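Here is a short report on a protein chain and its RNA partner. Read it with the coordinates open.

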Amino acid sequence: MTTPELPTQYAPADVETHSYQRWVAEGYFTADVGSDREPYTIVLPPPNVTGVLHIGHALDHSIQDALTRRARMRGLETLWLPGMDHAGIATQNVVERELAKEGLSRHDLGREAFVERVWRWKEESGGRILGQMVKLGDGVDWSRERFTMDEGLSRAVQTIFKRLFDDGLIYRAERIINWCPRCLTALSDIEVDHSEDEGELVSIRYGEGEASIVVATTRAETMLGDTAVAVHPSDERYAHLVGTTVEVPLTGRRIPVVADEHVDPEFGTGAVKVTPAHDINDFEIGRRHGLPSLVILDERGVITAHGPFEGLDRFEARPAVVAALRAEGRIVAERRPYLHSVGHCSRCKTVVEPRLSLQWFVNVQPLAKAAGDAVRDGRTRIHPPELAKRYFDWVDDMHDWCISRQLWWGHRIPVWYGPDGETVCVGPDEEPPPGYVQDPDVLDTWFSSGLWPFSTLGWPDRTADLARFYPTTVLVTGYDILFFWVARMMMFGLYAMDGVPPFQTVALHGIVRDQYGKKMSKSTGNAVDPLDWISRYGADATRFTLLRGASPGSDVAISEDWAAGSRNFCNKIWNATRFALMNGASVAAPLPAPAELTVADRWILSRLTAVTGAIDAGYDDFEFAKISDQLYHFAWDEVCDWYVELAKIQIASGGDVAERTRLVLGHVFDALLRLLHPLVPFVTEELWRALTGGDSVMKAAWPSPSEAYADRPAEEEIAALQELITEVRRFRADQGLKPGQRVAARLSLTGTALPAHEPAIRTLLRLDEPSEGFTATARLALGAGEIELDTAGTIDVAAERKRLEKDLAGARKEAAQAAGKLGNEQFMAKAPDEVVAKVRARALQADADIARLEGQLAALPAA
RNA sequence: GGGCGCUUAGCUCAGCGGUAGAGCACUCGCCUUACAAGCGAGGGGUCACUGGUUCGAACCCAGUAGCGCCCA
């Protein structure tokens, strides 16, 4: 076989694009719905159409790509389905900003033209992330790519809406919802981010004299809409006031003092102002006491109440109201800054305004119950299991879900209103009655992404894909969206698919952090751009860095140094395989039987078997950090540092041994590249093709541990060899002998298991045969054997003494510890036999070491 | 306010009842023909603190402190 010339350094850029294009062209990523193989399905959590690939995607995708590549190699019919969601608010914002540059608003265009414009934007500049996924190497089935706004998925949305509506699980009601005064739309609870912000706490006196009462608030301006003051029923301080009325300052309105269980007597003065139209808790109090709701803010957060504050923005109105109150002597206390929790729009960061309005809701109770039960009874497994509790906390106490959005971009609510207030919900193939008008609102984006695991497979049609690939095998996503997205897919999946949950397993990972464990963000400037890393270190190195840190449910810390380390690892694999190729490594013949192989061969094959088993176990639990570490250690420390060095000697010896060594090398590297492929697909593809002449490592079978090659004695023998070699190297280093300097030595290895390894020992340690005038200047006692060296001059006695004394101290400590245990009656009586045996063995070894070291020290010339 | 988690080498983490580990960083010596993106050797930790259980605790239990996350 002719071996192609490989450069001495791996250059990712030279192979990545080409390999990816070939994989796509060959259809390797395309799932075959007609095969009779067992299916393995993952749906990609759809990124936003506005999104670009960030490091969190890179982690999420690396895990999914590893899982699906391995599944394919294991012979499963594997589908990894890609796509994007339409990101209602985010996308609308992007296009509105674009319009603003032209001096236009969406209202200038009108709804239809605006939506057309968004589609145009989507075609031209949306979905940049898809091209970036290619750079990472994502093996997704592009022939099945979907978009939440495409025709099929829109049909799924309308179908499930109609079904839920008919089942009475969707309703319209006037409620306090989260409102973004900038986006001008309702938000669900999960689209609101809470943060501890600096505000003010102002205490205001309502009423006069004996009948006055002081309330504390962070939102003084809302007093214009107060319709009560509430106190706790058992609060004696205010008992005499309950049932009376007090005057709201600045307005002249009189409002009642009510008693309500939900007031915290410990907070502030124990009395709170009640603004039912602008606070969720106050709304509830208002409902319990039949209070009116006084709306004082418009949709943009501007004061509408008549008077001097009318027309002021809520944040301008606040100091203005406080100033006016102060002028009237109403301010009793002020705390500024006052830290308290404030909700922000997750899209534009504007402070959210609780707002009373008419919206559509999903009654989640029965759906959430089913979603919880599916995990409780094990139909869906959450991994790691500790995180299941968070899921239960969420689904077992879920609030009804506000699904209407006052946007233009999205799935329009399929409800039409008749001239006399009739309401009709229209299914996908139905027509609304003539003269009816459609509800102007659109649905929350999560409403459509909640259908993702089955709408993408063709639901509501009973497609072949749906029958074959649903339920999906595993969902891979961050724990940060466990509640909303995962819970919603669970609810909808169970509801739409006759109680079959959408995932067998939900595998959760953490978020990516910097090397100090800090969250990455643009503002702190510690964010890593995966595309930057891909261009500088390669896609494989980028992936490996992330996977190497990925333990289930835990955050991943990364840094530039570690990316460089991963690149070095890829390069190491590259060069080691290059060495194998240059030395005729081959998979042209089967691996010889163990009896025909050297101890070194049997050792590396035994280790390969053990590692293969460990990798499989790692995949079962999504332990990518462990998988990566196992492979890193095996490839670098065992294959490269030891086996390759021993193989060089075997090959140099020629004959059958050399031929068999070439086969072992070939098979070991073949297996290693296959095992590594799901993690680092590009470098392994290039090398595997060169090594085996095969078409693609993607099509190679996943290695299985071969017990026939498990070989405990060989592992022990090589361990002893490594120990001996390391010991002599240590001597050489301490004596300042240059690595290349050859030293004459006499080896006495009888009594050890190592005589057969003398050639290896001589080569690796650069020890020459003793010649005529050999005079030993140093004597190393190593277990039962001895190595005498002629260092051709005086040796550094002080360095040698230091080294031996250090070893002796260690051995004495060891002996003392073991003796202590063996002399402890309780230990001898209660510890298990194998532990006692182990300690006995340690004591014997330590005693032998002490004798040996003392002998060597005594033999040293006086300093 | 409620709940969860974490605290092990300079950094990031593994180990979860029987002699403290890895990667990176660090020190020393080396361009030894697969690889200097490398090779060889080495230094470095009262496993947060205080008690308890146990023959034996980084590991189990209780408490304390600090940090982080989620929910309200």
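## Nonpolar cores

Contact here means heavy atoms within 4.5 Å. The model is predicted. With neighbours within four places in sequence left aside, Leu67 is in contact with Tyr40, Ile42, Val474, Val476, Tyr619, Phe622 and Phe624.

Leu67 and Phe624 have the most contacts inside the largest nonpolar core, which has 146 residues. Helix H20 (residues 624–652) gives the most to this core: 14 residues. Domain 2 (536–710) and domain 3 (741–859) both give residues to the core, so it lies between them. Another core, of 62 residues, lies apart from it. Among its members are Ala156, Trp360, Trp459 and Phe469. In soluble globular proteins, nonpolar side chains tend to be buried together.

## Domains

The domain assignment of chain A gives domain 1 (185–354), domain 2 (536–710) and domain 3 (741–859). The centres of domain 2 and domain 3, taken over C-alpha atoms, are 33 Å apart. How many residues of each are in contact across the pair, domain 2 with domain 3? On the domain 2 side there are 5 residues, in contact with 4 residues of domain 3.

## The RNA surface

There are 45 residues around RNA strand B. Those that come nearest are Gln9, Lys572, Arg578, Lys806 and Lys830. On the RNA side, 65% of the atoms within 4 Å of the protein belong to sugar or phosphate. The rest belong to bases.

Several helices each supply at least two residues of the surface near RNA strand B. These are helix H11 (388–395), helix H18 (560–582), H20, helix H23 (712–734), helix H25 (797–822), helix H26 (825–830) and helix H27 (833–859). H18 provides the largest share, 11 residues. H20 thus appears twice in this picture: it is one of the helices that supply the RNA surface, and it gives the most to the largest nonpolar core.

Which atoms pair with phosphate oxygens of RNA strand B? A polar side-chain atom of Lys572 lies 2.5 Å from one. For Lys738, a polar side-chain atom lies 3.0 Å from a phosphate oxygen of the strand. Tyr516 uses its backbone: an N or O atom there lies 3.3 Å from a phosphate oxygen of RNA strand B.

## The annotated motif

UniProt, in an unreviewed entry, annotates residues 47–57 as a short sequence motif, the 'HIGH' region. The end C-alpha atoms of residues 47–57 lie 8 Å apart. The span is 27% helix and 0% strand.

## Two buried polar residues

Is Asp444 buried or exposed? Asp444 is buried, with a relative accessible area of 0%. Asp444 lies in the loop between strand E21 (442–443) and helix H12 (445–449). Leaving aside neighbours within four places in sequence, Asp444 is in contact with Ser188, Glu191, Trp401, Cys402, Ile403, Arg405 and Arg488. Asp444 and Gly75 are 369 residues apart in sequence. Their C-alpha atoms are 39 Å apart in space.

Gln92 is found in helix H3 (residues 88–101). Gln92 counts as buried because its relative accessibility is 1%, under the 20% cut-off. The Gln92 side chain reaches the backbone nitrogen of Trp408 at 2.9 Å. Not counting residues up to four places away in sequence, Gln92 touches Ala87, Arg106, Phe114, Leu407, Trp408 and Trp409.

## Backbone exceptions

Two cis peptide bonds deserve a look. One joins His383 and Pro384, with omega about 0 degrees. Pro384 lies in the loop between strand E15 (381–383) and H11. Another runs from Tyr470 to Pro471, with omega near 0 degrees. Pro471 lies in the loop between helix H14 (464–469) and strand E22 (472–478).

Positive phi values also turn up outside glycine. Leu250 has a phi of about 70 degrees, a positive value, although it is not a glycine. Leu250 sits in the loop between strand E10 (245–247) and strand E11 (254–259). Leu250 is partly exposed, with a relative accessible area of 31%. Arg766 has a positive phi near 55 degrees and is likewise a residue other than glycine. Arg766 is placed in the loop between helix H24 (758–765) and strand E27 (767–768). At 36% relative accessibility, Arg766 counts as partly exposed.

Terms used:
Residues are numbered from 1 along each chain as its sequence is written. Chains are lettered from A and ligands numbered from 1 in the order in which they are written. This is a predicted model: local features need pLDDT of at least 70, side-chain atom pairs count only at pLDDT 80 or more; totals for chains, interfaces and linings use all residues. Side-chain values use heavy atoms; hydrogens and water are left out. UniProt positions are given in the numbering used here, feature names are shortened, and annotations may be inferred rather than shown by experiment. Helices (H or I, at least four residues) and strands (E, at least two) are DSSP runs, numbered from the N terminus. A nonpolar core is a set of buried Ala, Val, Leu, Ile, Met, Phe, Trp, Tyr and Cys residues joined through side-chain atoms within 4.5 Å. Buried means under 20% relative accessible area, exposed over 50%, partly exposed in between (1.4 Å probe, protein chains only). Domain bounds come from an automatic or database domain assignment. A residue is near a molecule or strand if one of its heavy atoms lies within 4 Å of it. A polar contact is a pair of N or O atoms within 3.5 Å; within protein, one must be able to donate a hydrogen and the other to accept it, and residues adjacent in sequence count only if both atoms are side-chain atoms.
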